[in-house]
There are 2 protein chains.
Amino acid sequence: MDRKIGLFDAMRTMRAMRRLKPDPVPDELIREIIEAGTWAPSGGDTQHWRFIVVKDPEIKKQLQIRYKRAYEDLKERFHAAPPPPGKSELQKQRMLAARDHLTEHFHEAPVLIVCCLVADSGSGVAAGASIYPAVQNMLLAARALGLGATLTTRHLLYEPEVDEILRLPDEAHTFAIIPVGYPLGNFGPLSRAPVEQVTFLDRWGEKYL
Amino acid sequence: MDRKIGLFDAMRTMRAMRRLKPDPVPDELIREIIEAGTWAPSGGDTQHWRFIVVKDPEIKKQLQIRYKRAYEDLKERFHAAPPPPGKSELQKQRMLAARDHLTEHFHEAPVLIVCCLVADSGSGVAAGASIYPAVQNMLLAARALGLGATLTTRHLLYEPEVDEILRLPDEAHTFAIIPVGYPLGNFGPLSRAPVEQVTFLDRWGEKYL
C-alpha cells in the first residue's frame with residue numbers, strides 16, 4: 001500500500017491488473033476507492049453515479065457467465081488486431097493471456113464494482129463524461145491502496161441480462177465493471193504511443209511540437 | 001506548481017476551474033498534461049485518442065460562439081435545477097456565476113484541448129470509456145502543474161459545426177473540450193454526496209456499509 005504515492009507516479013504506473021488473488025478486500029478500502037470516485041467531475045455536478053459492490057458469489061458467477069460469453073463473441077477480433085501503439089507482439093500476447101485469465105476468473109475477484117448512472121445522463125456519448133472520470137479516480141485509488149483493478153465494459157454486450165441480475169431500475173444504466181483484488185503481478189511503467197503521434201495544433205492533422 | 005502532490009490530495013482538491021487568466025501556458029506543460037492522458041486505459045489499449053491543442057484566437061472564438069449558443073439553449077434548465085448533492089443554494093449560485101464567466105470567456109483561455117477518438121470507438125456509450133479516463137488524468141495533471149482546467153462537453157450540441165471548425169475527418173469524434181490556463185481561484189476541498197448515498201451491496205437498492 002502506498003497511500004502517499006505521488007500523482008504522476010500513480011498515473012504512470014497504473015497498469016491494468018487482470019490477475020487477482022481471491023483473498024477478501026476490507027470494506028474500508030472499497031469505501032476509499034468509491035470516495036475517490038465521487039471526487040470526479042460530472043455534468044452539472046449532478047453526481048448521478050451509483051456503485052454496486054458485488055461480493056455475493058452467485059451474482060459474481062452470473063456476471064462472469066455473460067462476461068465470458070461476450071469474450072467468445074469478440075475473441076477472434078482481439079487476436080486478429082495488431083499490437084496496440086507502443087507495444088510489441090510479445091506484449092500483445094501477454095495482454096491476451098491476461099485477458100483470458102480475467103475472463104475465466106472474473107467471478108473469483110473478491111469484489112466487482114459495477115459503475116452506473118441514473119436519470120437522463122444515460123443516453124448519448126457525453127453521458128460517459130459523468131461516470132468514466134469517476135472510474136479513472138477509482139482505478140488510481142486502487143493502485144495507491146495496493147489493489148489491482150481494471151476497467152471493463154464488455155458486459156454491455158449482454159446489458160439486458162446484466163441489468164436483470166443486478167435488478168437495475170429502468171432509469172439506471174451500467175457503464176463499467178471494475179474487478180478489484182490484491183494483484184498477482186506488479187505495477188510498473190506503461191508503454192504508450194508518444195504524445196507527438198496523437199496531438200495536433202489548432203486543427204486536425206496539423207503538427208504540434 | 002506542485003508536481004510532487006500526492007494522488008489523494010490531487011483528487012480531493014481538483015475543483016473545476018472556470019475562471020482562467022489569459023496568460024500563455026508553456027507548451028512543455030501542455031505536453032505533460034497530454035502525456036498524463038496517454039497513461040489512461042482505453043478499450044483493447046487501442047489508444048484511439050487524438051488531442052487538438054487550440055491556441056489560434058480565431059478558432060477559439062469560433063468554438064466559443066457555439067459554446068455560448070449551447071449555453072443559451074440550456075441555461076434555463078441549469079437555473080431551475082436543485083443544488084447538486086452535497087451543495088448549498090449559495091454554492092449552486094456560485095457555480096452558475098462561474099459557468100457564466102467561462103461561457104463568456106471561453107475563447108480567452110490560452111489553450112483549449114479538444115479530446116477526440118478515431119475509428120470504431122466513436123459509437124455507443126462505452127466509447128467514452130476510451131477517452132474520459134484520459135480526460136480525468138489530464139485534469140489531475142493540470143491541477144498538479146498549478147493550471148486551472150475543467151471538463152466541458154456542451155459543444156456537442158453543435159457537433160457538426162465544431163467538427164467543421166476543427167476539420168475533423170468523418171471517422172473522428174470530439175468528446176470533450178478542456179480550457180486550460182492559470183487559475184484566478186484556488187484549489188480546495190470538494191463538496192460531494194457521501195459514499196453511503198451512492199453505493200449498494202450486491203444488487204441495486206441494497207444497503208452497503
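In this predicted model, five strands build an open sheet whose order is S3(A)-S4(A)-S2(A)-S1(A)-S5(B), and the pairing within this sheet is mixed. Its edges are formed by strand S3 (148–149) of chain A and by S5 of chain B, each of which pairs on one side only. The sheet thus takes strands from both chains, and the junction between the two chains can be followed strand by strand. Strand S1 (residues 49–54) of chain A runs parallel to strand S5 (residues 199–201) of chain B, and 3 bridges join the two. Within this pairing, A:Ile52 has B:Phe200 of S5(B) as its bridge partner.

A second open sheet, also of mixed pairing, contains 5 strands in the order S5(A)-S1(B)-S2(B)-S4(B)-S3(B). Here strand S5 (199–201) of chain A and strand S3 (148–149) of chain B stand at the edges; each has a single partner strand, so one side of each is left without a neighbour in the sheet. Further in, strand S1 (residues 49–54) and strand S2 (residues 111–118) of chain B run antiparallel and are joined by 6 bridges. One residue pair to look for in this stretch is B:Trp49 with its bridge partner B:Leu117 in S2(B).

Turning to a single subunit, chain A holds 6 helices and 5 strands. Read from the N terminus, these elements follow the pattern α-α-β-α-α-β-α-β-α-β-β. The C-alpha atoms of chain A occupy a box of roughly 50 × 40 × 40 Å along the principal axes. The radius of gyration of chain A is 18 Å, which agrees with the value near 17 Å for a compact globule of 209 residues.

The contact between the chains involves 84 residues from chain B and 83 residues from chain A. Together the two sides bury about 6,900 Å², and carbon and sulfur atoms give 65% of this area. On the side of chain B, the residues that lose the most area to chain A are B:Phe8, B:Trp39 and B:Trp204, which together account for 13% of what that side buries.

Polar and charged groups also take part in the interface. Between chain B and chain A, 36 residue pairs are in polar contact, counting pairs with both residues at pLDDT 80 or more. By composition, the side of chain B that touches chain A has 50 nonpolar, 14 polar and 20 charged residues. Side chains of opposite charge can pair when their charged atoms come close. Between chain B and chain A there are 6 salt bridges. A:Asp45 and B:Arg192 form a salt bridge, with the closest N and O atoms 3.4 Å apart.

Over all chains, the count of salt bridges comes to 22. Within chain A, A:Arg3 forms a salt bridge with A:Glu32, and the closest N and O atoms of this pair lie 2.5 Å apart. This pair links distant parts of the chain, with the two positions 29 residues apart in numbering: A:Arg3 belongs to the segment before helix H1 (7–12) of chain A, whereas A:Glu32 sits in helix H2 (residues 27–38) of chain A.

Terms used: Residues are numbered from 1 along each chain as its sequence is written. Chains are lettered from A and ligands numbered from 1 in the order in which they are written. This is a predicted model: local features need pLDDT of at least 70, side-chain atom pairs count only at pLDDT 80 or more; totals for chains, interfaces and linings use all residues. Side-chain values use heavy atoms; hydrogens and water are left out. Contact means heavy atoms within 4.5 Å. Buried area is the accessible area (1.4 Å probe) that two parts lose on being put together, summed over both. A salt bridge is a side-chain nitrogen of Lys or Arg within 4 Å of a carboxyl oxygen of Asp or Glu. A polar contact is a pair of N or O atoms within 3.5 Å; within protein, one must be able to donate a hydrogen and the other to accept it, and residues adjacent in sequence count only if both atoms are side-chain atoms. Ala, Val, Leu, Ile, Met, Phe, Trp, Tyr, Cys and Pro count as nonpolar, Asp, Glu, Lys and Arg as charged, and the others, Gly among them, as polar. Two strands pair if DSSP finds at least two bridges between them. Helices (H or I, at least four residues) and strands (E, at least two) are DSSP runs, numbered from the N terminus. The radius of gyration is taken over C-alpha atoms; the globule rule is 2.2 Å times the number of residues to the power 0.38.
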